[in-house]
Structures are given as structure tokens and as C-alpha cells.
Amino acid sequence: MTSSIEHVDDRVMAILVTHERPPKASPVSATITHLWRGIMAFKHFPAQLIDIILLPAIFLLLFTYLFGGAFAGSPSQYLQFFLPGIAVQSVILMTVYTGTAINTDINKGVFDRFRTLPFWQPAAIAGNLVGDVLRYLIALTMTIGMGLALGFRPGGGILGVLAAMGVLIVFAFSVSWIFAAIGVVASVPERVSGTSMIVIYPLLFMSNIFVRPETMPSWMQVLVKVNPLSHAATASRALMHGTAGFWDVMWALIASLVITVVFAPLAVRLYRSKNTR
Amino acid sequence: MSSPPTLAIETSGLRKLFGQTKAVDGIDLRVPPGIVYSVLGPNGAGKSTLIRMLATLLRPDGGTATVFGHDVVRDSDAVRRRISVTGQYASVDDALTGLENLVLMGRLQGYTWPKARQRAGDLMDAFGLTHAAGRLVSTYSGGMRRRLDIAASIVVSPDLLFLDEPTTGLDPRSRNQVWDIVRALLAGGTTILLTTQYLDEADELADRIAVVDQGTVIAEGTTDELKASVGQVALHVRLRDPGQRDKAEDLLTQELGVPVHLEGDPAEMSARVEDNSRVLQALGALTRASIEPAEFSVTRPSLDEVFLTLTGHKADDQSAGDAGEEAAA
């Protein structure tokens, strides 16, 4: 180790003399780089997969056999109604991770380093969100695969199921902007998941995911009807069973668009002004 | 490359408030390019807040700051193209390997994938991290993390590098490695702004030093100038007979023309002297009065003593307004 001094000196010198300055990274290239970062981190911690796989599986099994008989006469009857709905829950629970990941980066000082680099800053958040699409894909594949094994028979066929997955991914992507915003303002990652669960669980249950709204009191039917999660579940159901009318799908897409238009700029603005006030 | 007259950093009346706390309270700095400039101060003095403003991470509440002539608020993109920051906490990504961290930095700086990979490999090699290139950063030792962090800061060689307490918490060997890296970067033409609470670090590396306490600069100059400001030399005398100390104190005060400080040990005393030649006269006077020193020493004051003299408290005194730094974190 006595020779390490000259060693470090010479090598660092040689590398410093270059003084080259590459052209600024384009927004697309910066986003792809952040996506790559997410994929690498995922690759190093495959344990995350357990969450993504187990959570949807547990809820699917639990609710199918717990409520199936009571709600629809039998678990397999209920599954035909319930599976497209629980698919919504599977991806929505994953969107919380977006906020937790962003908050962790901020707290650990990783984003401080990013912020001193001359690239298009929203890429740091956008890259995260695009990477999360992978999670949604895994969670959906898992949920639907298990559903098929338990006796779910989609009338819409493969195309219907794929279309439903597409709509749900678009929807989850838009919702993840909400949690990105929460992730930017929250003080610690634990608070992100805490706050998010308070928002998510009432919305999940106050929807048409688990039961048809017809038996609910009328005031609650109104709330269920405007809940964006209901629109997502309706679209998912209609597409998987091949009964989709134009508006069944359209409302889910409109909800996604509205959420994105409101929360994407908000998240980016909060991020840009974080700690610079 | 900028023309020589442009200052690397120039601030005027720079301020930052956190609630009622004046974290930075009117700082004026002029840092010429091509040197190591150290901002020295205890915890909570406002060092990190100052760096965060200069590095475009924090918006000042008052005053102006320019980096190579670019305003840090209005022209932050231009500033970002010239600087790099290494935080107190190594801001590398724990969830990636060391090599992946550097590839990430290279890509975000605009390198192509192959070029970013090559540059990352070169840097890992240069910083003695090749053996750990494929390991997750979470498994790195403190010293390795710090080196990786600095490597990440120079993926594109910056004209100005901010090193915020780069050796805090490091063992002596890792600290020496970081010092070597700083010297190498300087030789490569990078201006370095280094904050530290370690006086020996500033003494070792810095060409100029600003001593910061409670958000203001209380002294500024070269290391020698700062030391001179508290006297050229420190005379330390230990007597054989403690009973003679009062008499010796009178004699020394008279001969040296400065106040004599009585130490905790009843046989010891010390004084700061502007004029070296008076030391010999004073020792001669003691001998003529039959007061025998058991030992005496003449030393240049350490920066520790400089700090104590300037601030009235020691550099590692934690009680001095931690609120500012807390709020900045």
C-alpha cells in the first residue's frame, strides 16, 4: 500500500488531462439512462419480485374464497366478475413504490448529485415511472395467470386480456404520478407508504372492484361511480369479457389523462423547487 | 478554458435563512481559479449551506454568487456545466455496483454507452476500485465509497469541484488517499473548494482559507497569514521551580511586551510573540534573574490555536449553533 500514493496520482492525472466535454444528453437519452438505472437496481434485488408476485396472489386467493360464495353463489362464479377488478388493485398497489423510490433517492442525496448535472431534470422522475411499467406487467401477468389457473374464463380471449392489460398499465402509469408527487414532498420513505395507503385503501374498496354498486346506498353509488378506479375496473372487465363499448374504455383513458395532466407537471415542479426555496 | 482573470467563485453578501436561523449571513468570497480554497468551520457554521447555494442546489435569500462569471440562480445550467459536487454523505446509489454508478454519471453527462463504460472503467482503475467494480456500493467501506463518490464527480473533469467534508469519518489511510486525489485533481487544473472542520486538513491542502463561524467569514487569507494574525511564534516555558512562576511571568511580560498565559500546570506558561528576537532576550532575562527553565519550546501556532483565538471557542465545539446545518439537511 506504500506505493498507492504515486499510483493514484499518476492515474488520476492521466485521466484528468483529457478535459473533454461531451455534448449535453438529450431528454430521451437521459430518460433511457434512468430507466436503465431502475432495471439494474431491480436486477440486483430480485427479492422485490416477492412483493410483486405474492401481494396480488394473496389478495386474489383470499377474496375469491372468502367472498365468492356469499357474493356470487360460488368462488368460480365470483372469479369471473372479480378477477378483472383485482387486476386493477394489483397494479395500483405497485404505484406506491414509485413514490417510495423517489423519496429514497432524495433522502440519500442521489438526487442532489443528479440536480448538479446538466441534463433535462424531469428525466430522473420519468425514467423511474417508465421502469415501473415493468412491475405492472409482472403483477398483471401474475394475477391473470393465477386467475386462469383457478378457472377464470375471459370471453374476450387473448386479445381482450392484452387490451385490458394495456389500459391498466396506462392507468397505473398516470396514478404513479400522484405518488411521485407525494414521494417528492414526504419527509421519509415510510411516510410515503403510510400516506399512500390512507389514500389507496378507501378508494379501492369504494369502487366496483369487489362488488356491484347496485346494492349500495345511493350516495355511495355516486362516489363509486366517480372513482377513477371504478372506471379502470369497468374497462378491464369489459375488455376481458369482450363486451367493451366505446365509453367503457374511454372513461378509463380520460381518467388517466386527467390524472397525468394534473399530477405530472405538479410532481416535476415540486421536484425542481425542492430545497431551492 | 476560461481566461485567468475570471474568478472561480465570487460572492457578495450571500445569505440564507432557515426560519429564524441565519445559516449564511452575508458571505463575501473571491476564489481565484487553480487553487484549493478551504472553508473551515465547526459543525453548524454554514459551510454546507454555502456550498449548496454555490452548487445551484439551494436558492440564496440575498446577495449574489457567480461561478466562473455565471450567476448561480439566473444561469444555473451554465454553472452546472462547469462544476461537480461531492456531498458530506456520499451521494452514490447503493442499489447499483460501483461501475454502474460511474456509467450512470457518464451517460447523464452526455457520453455514449461505450464511451461511458470505458470512462467508468478507467476511473475505477485510477481510484484503485477495479477489484470492487462489480460489487454493490452498499458493501463498500467508507473510504471506498468516498473515492467512488469523488470518481463520480470527475467523470467529466469539472473546472470547479466542491468537496464537502470529504474526509469526515474516514480512517487515516483513507484520508490520505483522498488528500492524494485532491492534489492530483489540482495538478490537473481543477479548482477545488473544500469544506472541512479539520484544521490539519485545511493546513495540509489549502492555498487559501476562509474561517467561517455562525454564517459569517471571520478571517480569510493564506495559511501563513492566518497563523501570523495570532502571532508569529508561541513560546512555551516550563520552570524547575513552580514557586518562581509569578516572578517569571512579570519578567516575560516586560521583555516580550505581550500578555503571558499561565497554564494549568503550575510550572508552565506560554505567550504569543510577534517578534522572534525578543524570545532570546526574554530567556536571557530569566537566566540573569536565576530562574531556570526546565524546558522551553518555540513553535508556530497551529490552526487550532488560530481558530480558538478568532472565535473564542474550539473548532470541534459542537455547541456553536448546530441549528443551521440541521435545517439545511
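Tutor: Let us start from what a contact is: two residues are in contact if their C-beta atoms, placed from the backbone, lie within 7 Å. The model before us is predicted, and the contact takes 38 residues from chain A and 43 residues from chain B.

Student: Which elements give two or more residues to the side of chain A that touches chain B, and which of them gives the most?

Tutor: On that side of chain A, two or more residues come from each of helix H1 (4-16), helix H2 (27-44) and helix H5 (110-115) of chain A. H1(A) gives the most, with nine residues. Sorted by class, the side of chain A that touches chain B holds 19 nonpolar, nine polar and 10 charged residues.

Student: What kinds of element make up chain A, and how many of its residues count as buried?

Tutor: Chain A has 11 helices and zero strands. Of its 277 residues, 45% count as buried, and for a residue to be counted in that way, 20 or more other C-beta atoms must lie within 10 Å of its own.

Student: Why is H6(A) called oblique to H7(A)?

Tutor: Helix H6 (residues 123-150) of chain A packs against helix H7 (residues 157-185) of chain A at an angle of about 140 degrees, their axes being 9 Å apart. Angles over 145 count as roughly antiparallel and those of 65 to 115 as roughly perpendicular, and the value of about 140 degrees falls in neither range, so H6(A) is oblique to H7(A). Their contact includes A:Leu129, A:Tyr136 and A:Ile144 of H6(A), and A:Met165, A:Ile169 and A:Phe173 of H7(A). The residues of this contact divide into 14 nonpolar, one polar and one charged.

Student: What is the angle between helix H9 and helix H10 of chain B, and how should that angle be classed?

Tutor: Helix H9 (residues 245-256) and helix H10 (residues 277-288) of chain B pack at about 150 degrees, with axes 9 Å apart. Angles over 145 count as roughly antiparallel, therefore this pair belongs in that class. The crossing of H9(B) with H10(B) is right-handed, and the residues in contact include B:Leu252 and B:Glu255 of H9(B) together with B:Arg278 and B:Ala282 of H10(B). By class, that contact has seven nonpolar, one polar and two charged residues.

Student: What makes strand S9 of chain B mostly covered, and how do you know that S9(B) pairs with S10(B)?

Tutor: Strand S9 (residues 208-213) of chain B has six residues, and five of them are buried. Two strands pair if DSSP finds at least two bridges between them; S9(B) and strand S10 (residues 216-222) of chain B have six, in the antiparallel sense, so they qualify as a pair. Within that pairing, B:Ala210 has B:Glu220 in S10(B) as its bridge partner. Strand S3 (residues 36-40) of chain B, by contrast, runs parallel to S9(B), joined by four bridges, and B:Leu40 stands opposite B:Val211 in S9(B).

Student: In the open sheet S2-S1-S4-S5 of chain B, what makes a strand an edge strand?

Tutor: The sheet has four strands in that order, with antiparallel pairing, and its edge strands, S2 (21-31) and S5 (70-71) of chain B, each pair on one side only. Strand S1 (residues 9-18) of chain B is joined to S2(B) by eight bridges, and B:Arg15 has B:Asp25 in S2(B) as its bridge partner.

Methods:
Residues numbered from 1 in each chain as written. Chains lettered and ligands numbered in written order. Predicted model: local features only at pLDDT ≥ 70, side-chain atom pairs only at ≥ 80, totals over all residues. Axes fitted to C-alpha atoms, helices over the stretch in contact; angles between N-to-C directions. Parallel < 35°, antiparallel > 145°, perpendicular 65-115°, else oblique. Nonpolar A, V, L, I, M, F, W, Y, C, P; charged D, E, K, R; others polar. Buried ≥ 20, exposed ≤ 12 C-beta atoms within 10 Å, placed from the backbone. Left-handed = near helix turned anticlockwise from the far one by under 90°.
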